[in-house]
Amino acid sequence: MDKKLSAAAKPNERRQFLKLSGAMLGAGLIGNPFDAFSLEPRKPWTVGEIMDAFIAQVPNGPFEKTVDTLKVGSRDTVVTGVVTTMFTTMEIIQKAIEHKANLIIPHEPTFFSGSDETDYLQEDPVFRAKYDLMEKHGITLWRNHDYVHRMQDDGVRVGVVGDLGWEEYYQPNSPILHIPKTNLKDLINHVKTSLGVPAMRYVGDLEQSCSKVLLLPGAVGGRMQITQIMEHRPDVLVCGESNEWETPEYVRAANEIGMKLSMIEIGHSASEEGGSEFVKNWLNQHMPGLPVYHIPSGNSLQVF
Ligand SMILES: [Zn+2]
(Lines give C-alpha, C1' and ligand atoms only; values in the text may rest on other atoms or scores of the structure.)
Protein backbone atom coordinates (compact mmCIF):
# COMPACT_ATOMS: atom_id res chain seq x y z
CA MET A 1 0.00 0.00 0.00
CA ASP A 2 2.77 2.39 0.90
CA LYS A 3 4.36 1.70 -2.46
CA LYS A 4 1.10 2.56 -4.18
CA LEU A 5 0.71 5.68 -2.10
CA SER A 6 4.15 6.98 -2.92
CA ALA A 7 3.76 6.07 -6.57
CA ALA A 8 0.66 8.17 -6.79
CA ALA A 9 1.75 11.05 -4.64
CA LYS A 10 4.80 12.38 -6.45
CA PRO A 11 5.23 15.74 -4.75
CA ASN A 12 6.37 17.64 -7.83
CA GLU A 13 3.45 16.64 -9.93
CA ARG A 14 1.03 17.24 -7.13
CA ARG A 15 2.39 20.70 -6.72
CA GLN A 16 2.07 21.32 -10.43
CA PHE A 17 -1.48 20.08 -10.32
CA LEU A 18 -2.37 22.28 -7.39
CA LYS A 19 -0.91 25.20 -9.28
CA LEU A 20 -3.00 24.27 -12.30
CA SER A 21 -6.26 24.01 -10.40
CA GLY A 22 -5.48 27.30 -8.68
CA ALA A 23 -4.85 28.95 -12.03
CA MET A 24 -8.02 27.52 -13.48
CA LEU A 25 -10.04 28.78 -10.55
CA GLY A 26 -8.45 32.20 -10.91
CA ALA A 27 -9.41 32.24 -14.55
CA GLY A 28 -12.97 31.32 -13.61
CA LEU A 29 -12.68 28.07 -15.53
CA ILE A 30 -14.02 25.99 -12.69
CA GLY A 31 -17.41 27.11 -11.43
CA ASN A 32 -17.09 28.07 -7.81
CA PRO A 33 -20.34 29.33 -6.31
CA PHE A 34 -19.30 28.22 -2.81
CA ASP A 35 -16.55 30.72 -2.22
CA ALA A 36 -18.50 32.12 0.68
CA PHE A 37 -18.23 28.76 2.41
CA SER A 38 -14.48 28.61 1.81
CA LEU A 39 -13.76 31.68 3.85
CA GLU A 40 -14.22 30.28 7.31
CA PRO A 41 -14.42 26.88 8.97
CA ARG A 42 -18.02 26.19 9.89
CA LYS A 43 -20.18 23.66 11.63
CA PRO A 44 -19.47 19.99 10.88
CA TRP A 45 -20.57 18.87 7.46
CA THR A 46 -23.12 16.16 6.85
CA VAL A 47 -22.84 13.77 3.92
CA GLY A 48 -25.88 15.40 2.33
CA GLU A 49 -24.37 18.89 2.57
CA ILE A 50 -21.14 17.73 0.93
CA MET A 51 -23.08 16.02 -1.87
CA ASP A 52 -25.30 19.05 -2.43
CA ALA A 53 -22.35 21.45 -2.47
CA PHE A 54 -20.53 19.39 -5.08
CA ILE A 55 -23.61 18.81 -7.21
CA ALA A 56 -24.55 22.51 -7.11
CA GLN A 57 -21.50 23.46 -9.18
CA VAL A 58 -22.13 20.87 -11.90
CA PRO A 59 -24.05 22.29 -14.89
CA ASN A 60 -27.60 20.88 -14.95
CA GLY A 61 -27.13 19.06 -11.65
CA PRO A 62 -28.71 17.31 -9.87
CA PHE A 63 -29.33 14.73 -12.58
CA GLU A 64 -32.56 12.81 -12.67
CA LYS A 65 -30.73 9.66 -13.73
CA THR A 66 -27.30 9.02 -12.26
CA VAL A 67 -25.22 6.23 -10.77
CA ASP A 68 -23.96 8.73 -8.18
CA THR A 69 -26.13 7.56 -5.32
CA LEU A 70 -25.51 6.61 -1.70
CA LYS A 71 -24.59 2.92 -1.68
CA VAL A 72 -24.15 2.59 2.10
CA GLY A 73 -25.20 4.83 4.98
CA SER A 74 -27.21 8.03 5.06
CA ARG A 75 -27.17 11.71 4.09
CA ASP A 76 -27.52 12.74 7.72
CA THR A 77 -24.20 11.27 8.85
CA VAL A 78 -21.93 13.94 10.28
CA VAL A 79 -18.65 13.54 8.45
CA THR A 80 -15.48 12.96 10.48
CA GLY A 81 -13.22 12.57 7.46
CA VAL A 82 -13.31 11.60 3.79
CA VAL A 83 -11.41 9.09 1.68
CA THR A 84 -11.44 9.58 -2.10
CA THR A 85 -10.41 6.70 -4.35
CA MET A 86 -11.18 4.86 -7.58
CA PHE A 87 -12.38 1.54 -6.15
CA THR A 88 -13.58 0.83 -2.60
CA THR A 89 -11.59 -2.30 -1.85
CA MET A 90 -11.50 -3.99 1.57
CA GLU A 91 -8.09 -2.36 2.00
CA ILE A 92 -9.54 1.09 1.32
CA ILE A 93 -12.31 0.49 3.87
CA GLN A 94 -9.70 -0.55 6.45
CA LYS A 95 -7.65 2.57 5.69
CA ALA A 96 -10.75 4.74 6.08
CA ILE A 97 -11.39 3.17 9.50
CA GLU A 98 -7.74 3.76 10.50
CA HIS A 99 -8.00 7.40 9.41
CA LYS A 100 -11.33 7.78 11.24
CA ALA A 101 -12.91 8.81 7.97
CA ASN A 102 -16.57 7.83 7.79
CA LEU A 103 -17.29 8.99 4.23
CA ILE A 104 -15.80 7.16 1.24
CA ILE A 105 -16.17 8.78 -2.18
CA PRO A 106 -15.15 6.31 -4.90
CA HIS A 107 -15.32 7.03 -8.61
CA GLU A 108 -16.31 3.55 -9.66
CA PRO A 109 -18.82 0.91 -8.53
CA THR A 110 -18.40 -0.80 -5.18
CA PHE A 111 -20.49 -3.87 -5.85
CA PHE A 112 -19.19 -5.03 -9.22
CA SER A 113 -21.66 -3.54 -11.70
CA GLY A 114 -22.40 -0.14 -13.19
CA SER A 115 -25.44 0.54 -11.08
CA ASP A 116 -24.24 -1.41 -8.03
CA GLU A 117 -27.13 -3.86 -8.15
CA THR A 118 -27.04 -5.91 -4.98
CA ASP A 119 -30.29 -7.88 -5.09
CA TYR A 120 -28.54 -11.02 -6.36
CA LEU A 121 -25.59 -10.65 -3.99
CA GLN A 122 -27.38 -10.56 -0.64
CA GLU A 123 -26.18 -14.01 0.49
CA ASP A 124 -22.75 -13.73 -1.11
CA PRO A 125 -19.79 -13.69 1.30
CA VAL A 126 -17.78 -11.25 -0.83
CA PHE A 127 -20.58 -8.70 -0.95
CA ARG A 128 -21.42 -9.22 2.73
CA ALA A 129 -17.82 -8.71 3.83
CA LYS A 130 -17.56 -5.33 2.12
CA TYR A 131 -21.02 -4.06 2.96
CA ASP A 132 -21.05 -5.26 6.56
CA LEU A 133 -17.61 -3.84 7.33
CA MET A 134 -18.77 -0.39 6.22
CA GLU A 135 -22.06 -0.66 8.03
CA LYS A 136 -20.43 -1.87 11.24
CA HIS A 137 -18.11 1.15 11.28
CA GLY A 138 -20.79 3.67 10.39
CA ILE A 139 -19.26 4.44 7.01
CA THR A 140 -21.31 6.16 4.34
CA LEU A 141 -20.38 5.65 0.69
CA TRP A 142 -21.28 8.09 -2.05
CA ARG A 143 -20.18 7.37 -5.59
CA ASN A 144 -19.06 10.46 -7.49
CA HIS A 145 -18.71 9.52 -11.14
CA ASP A 146 -21.19 11.40 -13.31
CA TYR A 147 -20.89 14.65 -11.39
CA VAL A 148 -17.12 14.96 -11.44
CA HIS A 149 -17.05 14.11 -15.16
CA ARG A 150 -19.68 16.69 -15.96
CA MET A 151 -18.21 19.67 -14.19
CA GLN A 152 -17.59 22.64 -16.45
CA ASP A 153 -14.31 20.98 -17.28
CA ASP A 154 -14.13 17.23 -16.63
CA GLY A 155 -12.49 17.00 -13.20
CA VAL A 156 -11.12 13.56 -13.94
CA ARG A 157 -9.37 14.70 -17.12
CA VAL A 158 -7.94 17.76 -15.35
CA GLY A 159 -6.57 15.49 -12.62
CA VAL A 160 -5.07 12.99 -15.08
CA VAL A 161 -3.47 15.74 -17.18
CA GLY A 162 -1.80 16.92 -13.96
CA ASP A 163 -0.56 13.40 -13.20
CA LEU A 164 0.91 13.19 -16.70
CA GLY A 165 2.62 16.59 -16.36
CA TRP A 166 0.88 17.77 -19.53
CA GLU A 167 -0.75 20.95 -18.18
CA GLU A 168 0.93 23.20 -20.74
CA TYR A 169 -0.44 21.15 -23.63
CA TYR A 170 -3.96 21.04 -22.25
CA GLN A 171 -6.87 23.17 -23.39
CA PRO A 172 -9.93 23.05 -21.15
CA ASN A 173 -12.71 20.85 -22.47
CA SER A 174 -10.55 19.30 -25.20
CA PRO A 175 -9.42 15.67 -25.24
CA ILE A 176 -6.67 16.58 -27.74
CA LEU A 177 -3.16 17.46 -26.53
CA HIS A 178 -0.24 18.38 -28.76
CA ILE A 179 2.77 17.08 -26.86
CA PRO A 180 6.38 17.47 -28.02
CA LYS A 181 7.09 14.94 -30.75
CA THR A 182 8.15 11.56 -29.38
CA ASN A 183 7.81 7.94 -30.42
CA LEU A 184 5.24 5.50 -29.12
CA LYS A 185 7.82 3.64 -27.06
CA ASP A 186 8.93 6.74 -25.18
CA LEU A 187 5.34 7.88 -24.77
CA ILE A 188 4.49 4.54 -23.16
CA ASN A 189 7.48 4.90 -20.86
CA HIS A 190 6.37 8.38 -19.86
CA VAL A 191 2.85 7.22 -19.03
CA LYS A 192 4.18 4.20 -17.12
CA THR A 193 6.47 6.37 -15.01
CA SER A 194 4.11 9.25 -14.34
CA LEU A 195 1.10 7.08 -13.49
CA GLY A 196 3.01 4.29 -11.74
CA VAL A 197 1.83 1.55 -14.11
CA PRO A 198 4.17 -1.45 -14.52
CA ALA A 199 3.11 -2.43 -18.04
CA MET A 200 0.56 -1.44 -20.63
CA ARG A 201 -1.01 -3.02 -23.67
CA TYR A 202 -0.79 -1.13 -26.92
CA VAL A 203 -1.61 -1.44 -30.63
CA GLY A 204 0.70 0.02 -33.27
CA ASP A 205 4.36 0.54 -34.06
CA LEU A 206 6.66 1.40 -31.15
CA GLU A 207 8.71 3.58 -33.49
CA GLN A 208 5.70 5.58 -34.71
CA SER A 209 6.05 9.30 -34.18
CA CYS A 210 3.46 10.71 -31.75
CA SER A 211 2.52 14.30 -31.05
CA LYS A 212 -1.26 14.59 -31.33
CA VAL A 213 -2.70 12.67 -28.38
CA LEU A 214 -6.37 11.81 -27.91
CA LEU A 215 -6.76 11.37 -24.14
CA LEU A 216 -9.84 9.43 -23.05
CA PRO A 217 -9.42 8.18 -19.47
CA GLY A 218 -11.60 5.35 -18.20
CA ALA A 219 -13.78 3.22 -20.44
CA VAL A 220 -15.85 5.52 -22.64
CA GLY A 221 -16.85 2.69 -24.98
CA GLY A 222 -15.66 1.55 -28.39
CA ARG A 223 -18.05 3.64 -30.41
CA MET A 224 -17.06 6.82 -28.56
CA GLN A 225 -13.35 6.05 -28.86
CA ILE A 226 -13.64 5.36 -32.60
CA THR A 227 -15.87 8.39 -33.19
CA GLN A 228 -13.31 10.58 -31.45
CA ILE A 229 -10.51 9.06 -33.54
CA MET A 230 -12.53 9.79 -36.71
CA GLU A 231 -13.17 13.35 -35.61
CA HIS A 232 -9.64 14.25 -34.50
CA ARG A 233 -7.36 11.82 -36.41
CA PRO A 234 -4.79 11.69 -33.59
CA ASP A 235 -1.42 9.93 -33.75
CA VAL A 236 -2.30 7.97 -30.68
CA LEU A 237 -5.29 7.22 -28.46
CA VAL A 238 -4.41 7.07 -24.77
CA CYS A 239 -7.32 5.45 -22.94
CA GLY A 240 -8.16 3.59 -19.78
CA GLU A 241 -9.52 0.41 -21.29
CA SER A 242 -11.52 -0.96 -24.19
CA ASN A 243 -13.14 -4.19 -25.27
CA GLU A 244 -10.56 -6.20 -27.21
CA TRP A 245 -12.97 -6.66 -30.10
CA GLU A 246 -13.71 -2.98 -30.55
CA THR A 247 -11.15 -0.14 -30.70
CA PRO A 248 -7.99 -2.34 -30.73
CA GLU A 249 -9.31 -4.06 -33.86
CA TYR A 250 -10.10 -0.70 -35.46
CA VAL A 251 -6.56 0.49 -34.74
CA ARG A 252 -5.08 -2.75 -36.06
CA ALA A 253 -7.10 -2.43 -39.26
CA ALA A 254 -6.02 1.19 -39.63
CA ASN A 255 -2.39 0.06 -39.47
CA GLU A 256 -3.10 -2.71 -41.99
CA ILE A 257 -4.20 -0.11 -44.53
CA GLY A 258 -1.14 2.02 -43.85
CA MET A 259 -2.52 4.66 -41.49
CA LYS A 260 -0.28 5.88 -38.69
CA LEU A 261 -2.43 5.35 -35.62
CA SER A 262 -1.70 3.68 -32.32
CA MET A 263 -3.38 3.19 -28.98
CA ILE A 264 -2.26 2.69 -25.41
CA GLU A 265 -4.39 1.18 -22.66
CA ILE A 266 -3.32 2.52 -19.29
CA GLY A 267 -5.78 0.39 -17.29
CA HIS A 268 -9.00 1.84 -15.96
CA SER A 269 -7.89 2.59 -12.43
CA ALA A 270 -4.61 4.39 -13.14
CA SER A 271 -6.16 6.24 -16.08
CA GLU A 272 -8.63 8.01 -13.80
CA GLU A 273 -6.93 8.02 -10.40
CA GLY A 274 -6.08 11.70 -10.92
CA GLY A 275 -9.81 12.36 -10.65
CA SER A 276 -9.80 11.21 -7.02
CA GLU A 277 -7.00 13.67 -6.30
CA PHE A 278 -9.13 16.34 -7.97
CA VAL A 279 -12.10 15.54 -5.69
CA LYS A 280 -9.81 15.62 -2.66
CA ASN A 281 -8.51 19.06 -3.64
CA TRP A 282 -12.03 20.27 -4.24
CA LEU A 283 -13.09 19.15 -0.74
CA ASN A 284 -9.99 20.75 0.81
CA GLN A 285 -10.91 23.99 -0.81
CA HIS A 286 -14.61 24.03 -0.06
CA MET A 287 -14.76 22.24 3.31
CA PRO A 288 -11.80 23.75 5.16
CA GLY A 289 -10.78 21.85 8.25
CA LEU A 290 -12.35 18.59 7.08
CA PRO A 291 -9.73 15.81 6.92
CA VAL A 292 -9.63 14.38 3.38
CA TYR A 293 -7.36 11.60 2.14
CA HIS A 294 -6.86 10.46 -1.44
CA ILE A 295 -5.86 6.79 -1.28
CA PRO A 296 -5.22 5.13 -4.67
CA SER A 297 -6.80 1.68 -4.93
CA GLY A 298 -4.57 0.32 -7.71
CA ASN A 299 -5.50 -2.27 -10.31
CA SER A 300 -7.06 -5.63 -9.47
CA LEU A 301 -5.46 -7.11 -12.61
CA GLN A 302 -1.78 -7.82 -12.18
CA VAL A 303 0.78 -8.40 -14.92
CA PHE A 304 3.18 -11.35 -14.76
ZN1 LIG B 1 -14.60 8.06 -14.91
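**Exercise 1. Strand E6 and its partner**

In this predicted model, determine how many bridges join strand E6 (residues 201-203) to E9, and whether the two run parallel or antiparallel.

*Solution.* Begin with the pairing itself: three bridges join E6 to E9, and the two strands run antiparallel. A residue pair then fixes the register, since tyrosine 202 stands opposite isoleucine 264 in E9. Next, turn to the other pairing of E9, with strand E8 (residues 236-239), where four bridges are found and the strands run parallel. Here cysteine 239 is the residue that stands opposite glutamate 265 in E9. Finally, consider the side chains of strand E9 (residues 262-265): Ser262 and Ile264 point one way, Met263 and Glu265 point the other way, and all are buried.

**Exercise 2. The helix between E8 and E9**

Work out which hand the β-α-β unit made by E8, helix H11 (residues 247-256) and E9 has, and which residues of H11 are buried.

*Solution.* The first step concerns the connection: E8, H11 and E9 make a right-handed β-α-β unit. The second step is to list the buried residues of the helix, which are Thr247, Pro248, Tyr250 and Val251. These residues lie on the same side of H11 because they cover an arc of only 160 degrees around the axis. On the face turned away from that buried side, H11 carries the exposed residues Ala253 and Glu256. The third step asks what covers the buried residues of H11, and the answer includes E6, helix H10 (222-232) and E9. Just after H11 comes glycine 258, which takes a positive phi of about 95 degrees.

**Exercise 3. Length and faces of helix H6**

Explain why the end C-alpha atoms of helix H6 (residues 125-136) have a separation that agrees with its twelve residues, and identify which residues of H6 are buried.

*Solution.* Start from the length: at 1.5 Å a residue, the twelve residues of H6 should span 16 Å, and the end C-alpha atoms are 15 Å apart, which agrees. Continue with burial, for which Lys130, Tyr131 and Met134 are the residues to consider, as they are buried. Their arc around the axis is only 90 degrees, and therefore they sit on the same side of H6. The general geometry is helpful here: an α-helix has 3.6 residues a turn, so residues three or four places apart point the same way. The opposite face of H6, turned away from the buried side, carries the exposed residues Pro125, Ala129, Asp132 and Lys136. As for packing, the buried residues of H6 lie against E1, helix H5 (90-98) and E4. After H6 follows glycine 138, whose phi is positive, near 65 degrees.

**Exercise 4. The open sheet**

Establish the order of the five strands in the open sheet and find which strands are its edges.

*Solution.* The order is E1-E4-E3-E2-E10, and the pairing within this sheet is mixed. Its edge strands are strand E1 (70-72) and strand E10 (292-294), each of which pairs on one side only. On average, neighbouring strands of this sheet are turned by 25 degrees against each other, direction ignored. For one pairing in detail, take strand E3 (residues 103-106) and strand E4 (residues 140-142), which run parallel and are joined by two bridges. In that pairing, leucine 103 stands opposite threonine 140 in E4.

**Exercise 5. Backbone features in the loops**

Locate asparagine 173 and arginine 233, and decide for each whether it is buried, partly exposed or exposed.

*Solution.* Asparagine 173 is found in the loop between helix H8 (155-164) and strand E5 (176-183). Although it is not a glycine, asparagine 173 has a positive phi of about 70 degrees. With 10 other C-beta atoms within 10 Å, asparagine 173 is exposed, given that the cut-off for exposed is 12 or fewer. Arginine 233 lies in the loop between H10 and E8, and its phi, near 45 degrees, is likewise a positive value in a residue other than glycine. Because arginine 233 has 13 other C-beta atoms within 10 Å, it is partly exposed.

A cis peptide bond completes the exercise: it joins glycine 61 and proline 62, with omega about -5 degrees. Proline 62 lies in the loop between helix H4 (47-56) and E1.

Methods
Residues numbered from 1 in each chain as written. Predicted model: local features only at pLDDT ≥ 70, side-chain atom pairs only at ≥ 80, totals over all residues. Pairing = 2+ DSSP bridges. Axes fitted to C-alpha atoms, helices over the stretch in contact; angles between N-to-C directions. Buried ≥ 20, exposed ≤ 12 C-beta atoms within 10 Å, placed from the backbone. Right-handed = clockwise from strand over helix to strand, strands pointing away. Arc of directions from axis to C-beta. Contact = placed C-beta atoms within 7 Å. Expected span 1.5 Å × (residues − 1).
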